[in-house]
Amino acid sequence: MELREFVLQAVEENQETYLTTSHLIHERPEIGNEEYFASETLTALLINNGFDVEKAVAGHETSFVATKASCKEGPTIGFLAEYDALPGLGHACGHNIIGTASVAAGISLSEVLHETGGKVVVFGTPAEEGGPNGSAKGSFVKSGLLEGVDVCMMIHPYNKNTRSGNSLAVDPLDFEFTGRSAHAAASPEQGINALDSVIQLFNGVNALRQHTTDDIRIHGIITHGGDAPNIVPDYAKARFYIRAATRERCTEVTKKVRAIAEGAALATGAELNVIKIQNEVDNFKLNDSLDALFQEQVESLGAPFDPVNNKGLGSTDAGNVSQVVPTIHPFLKIGAEDLVVHTDAFREAAKSKEGDEALLLGAKSLALTGLLLLMEPDRLNKIKAEFETEQAALV
C-alpha cells in the first residue's frame, strides 16, 4: 500500500473516534485556560497512539506538547490544536473541530514515520480566544517550543474552503483608574472621579481614529464604572483591543493610546495602571507555497477550494507562530456561505454533518501535506526559502 493511502486509511479507520471526540468537546465547552476536559481527551488519544506527551507547558495548565519521532532523521512537522470555547456561546468558533483535526492528522501521519523519518509534534494551545493569560501560542513562541520545527499547520472552520488569510496584530490592555470617593451631591469637590478618566480615554481614542491608517482597529468596553450615582466613582476600568496590520504599527498605536490614558489621568487627578491581560498577538505571515500544497491535497480529495480568501480581518495567535515558523491557517466549509463565526448558528454547524465532514477532510489534507513535506525535500526547501525571504525583507 502506498504511504498516501495508508495515511488516508488511518484517518478513515478511526473516524468514529475522532467525530465522537469532537462532539464530546463541543458538548462540554470550556473557556481559555480552563479546557481540562478537552485537553485530557485529546492527550489521551495521543498517548494511546504512541506519542510522548508533556502537559502544562509554557505557563498554561491545560496546554500540552505531544511528540512522536522516527529513528530516522527528517523534518519536524507541527500541528496546532485549539480547543477553547467562547464565554456564553460555547464552541461558536469551532475549536472542537480544530483541536480534533490536528490531533487526527498528527496521529495518522505518525503511522508512517518508520518509512519517512522525521518527527510529528502536536501543540495543544489553550485560550486562542484570549482572556486572562490568553493566546497561549505567544507563550509557546516565547518559551522556545517552536525551535527546530520546520512547519506548523492547522485548519479553521468557515463558510467555504479557502487559503489562510491576513490577520491583525492586537494588544489587549486594561486601563485601570483610581480616584477618591465622595458624596456626589453634598461634597463632590472632595472626590476624584475615576469614571471621568475612562470617559476621557474613550473621547481621546475617538479623536485618534481620524489620524490612523485604515487597518487600525481600536475597540473597548467599560468593565467597571462605579457603584452608585450618588457616590463619586473612586475606581473605574476599561478594556481595549488595539489592532493593526503589523506588529510594528500596532505597537506605535498602542503607545498613542497609552498616552491618551495618561492624559486622562492627569486631567482628572486619578492614578493610572495599565495592565497587560494576555500575550500580545502578532499579525499572520502568509506562506503561499505551503498554502498551495495544502490546497493540492484538498482538491485531490475531490473538494472544491477557493484560492482567494476575502475573509474579514480578525486576529489569531497563530500569527505569533507564523513569525518564527512557516505556518498555514486555511479554512474549511462547515455551513452556508452566509455563516458567520461567533454566532449561535456557527456553534450548531460545528457539530453538524457538514462540520464532521470538514473535520475529516481537514485531518486528511493536513496529514497528506505533512507526508509530502517528509518525502519531498524540494517542497519543504521552497517553503522555507519563501519564509526566509519574507524575514529578510523585514530587516
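These legends walk through five close-up views of a predicted model.

**View 1. The largest pocket and the residues around its centre.**
Welcome to the largest pocket, which has a volume of about 980 Å³. Its lining is made up of 46 residues, and those closest to the centre are Glu-128, Glu-129, Arg-243, Ser-315 and His-342. By type, the lining divides into 18 nonpolar, 19 polar and 9 charged residues. Which strands each supply at least two residues of this lining? They are strand 6 (156-158), strand 7 (169-178), strand 8 (217-224) and strand 9 (235-244). Strand 9 gives the most, with 4 residues. Two of these strands, strand 7 and strand 9, return in the next view as a pair.

**View 2. Strand 7 and its two antiparallel partners, strand 9 and strand 10.**
Here we follow strand 7, a contributor to the pocket lining. Strand 7 pairs with strand 9 in the antiparallel sense, over 10 bridges. One place to look along this pairing is Phe-175, which stands opposite Ala-238 of strand 9. Strand 7 also pairs with strand 10 (residues 271-276), again in the antiparallel sense, this time over 6 bridges. In that pairing, Thr-178 has Glu-271 of strand 10 as its bridge partner. Is strand 7 largely enclosed or exposed? Of its 10 residues, 9 are buried, so strand 7 is largely enclosed by the rest of the structure.

**View 3. Phe-240 and the residues it touches.**
Let us stay with strand 9, where Phe-240 lies. Phe-240 has a relative accessibility of 1%, so it counts as buried, the cut-off being under 20%. A good companion to find is Leu-173: the two residues are 67 apart in sequence, yet their C-alpha atoms are 5.5 Å apart in space. Setting aside neighbours within four places in sequence, Phe-240 is in contact with Asp-171, Pro-172, Leu-173 and Phe-175, among others. Its other contacts include Leu-201, Phe-202 and Val-205, as well as Ile-218, His-219 and Gly-220.

**View 4. Ser-139 and its polar contact with His-60.**
This view moves to helix 6 (residues 136-142), the home of Ser-139. Is Ser-139 buried or exposed? With a relative accessibility of 8%, Ser-139 counts as buried. The side chain of Ser-139 is joined to the side chain of His-60 by a polar contact of 2.7 Å. Leaving out residues up to four places away in sequence, Ser-139 touches Ala-58, His-60 and Asn-279. Ala-58 appears again in the last view, where it lies in a loop.

**View 5. Ala-56 and Ala-58 in the loop between strand 1 and strand 2.**
Our final stop is the loop between strand 1 (52-55) and strand 2 (64-69), where Ala-56 is found. Ala-58 lies in the loop between strand 1 and strand 2 as well. What is the phi of Ala-56? It is positive, about 55°, although Ala-56 is not a glycine. Ala-58 likewise has a positive phi of about 55° without being a glycine. At 45% relative accessibility, Ala-56 counts as partly exposed. Ala-58 is partly exposed too, with a relative accessible area of 25%. From here you can trace back to the previous view, since Ala-58 is one of the residues that Ser-139 touches.

Note on methods: Residues numbered from 1 in each chain as written. Predicted model: local features only at pLDDT ≥ 70, side-chain atom pairs only at ≥ 80, totals over all residues. Heavy atoms only, no water. 1 Å grid on protein atoms, 1.4 Å probe; cavity = no way out; pocket = protein on both sides within 12 Å on 5 of 7 lines; lining within 4 Å. Points joined across faces, edges and corners; volume = space filled by probe spheres on them. Nonpolar A, V, L, I, M, F, W, Y, C, P; charged D, E, K, R; others polar. Buried < 20%, exposed > 50% of the residue type's maximum accessible area, 1.4 Å probe, protein only. Polar contact = N/O pair within 3.5 Å; in protein donor to acceptor, adjacent residues only side chain to side chain. Contact = heavy atoms within 4.5 Å. Pairing = 2+ DSSP bridges.
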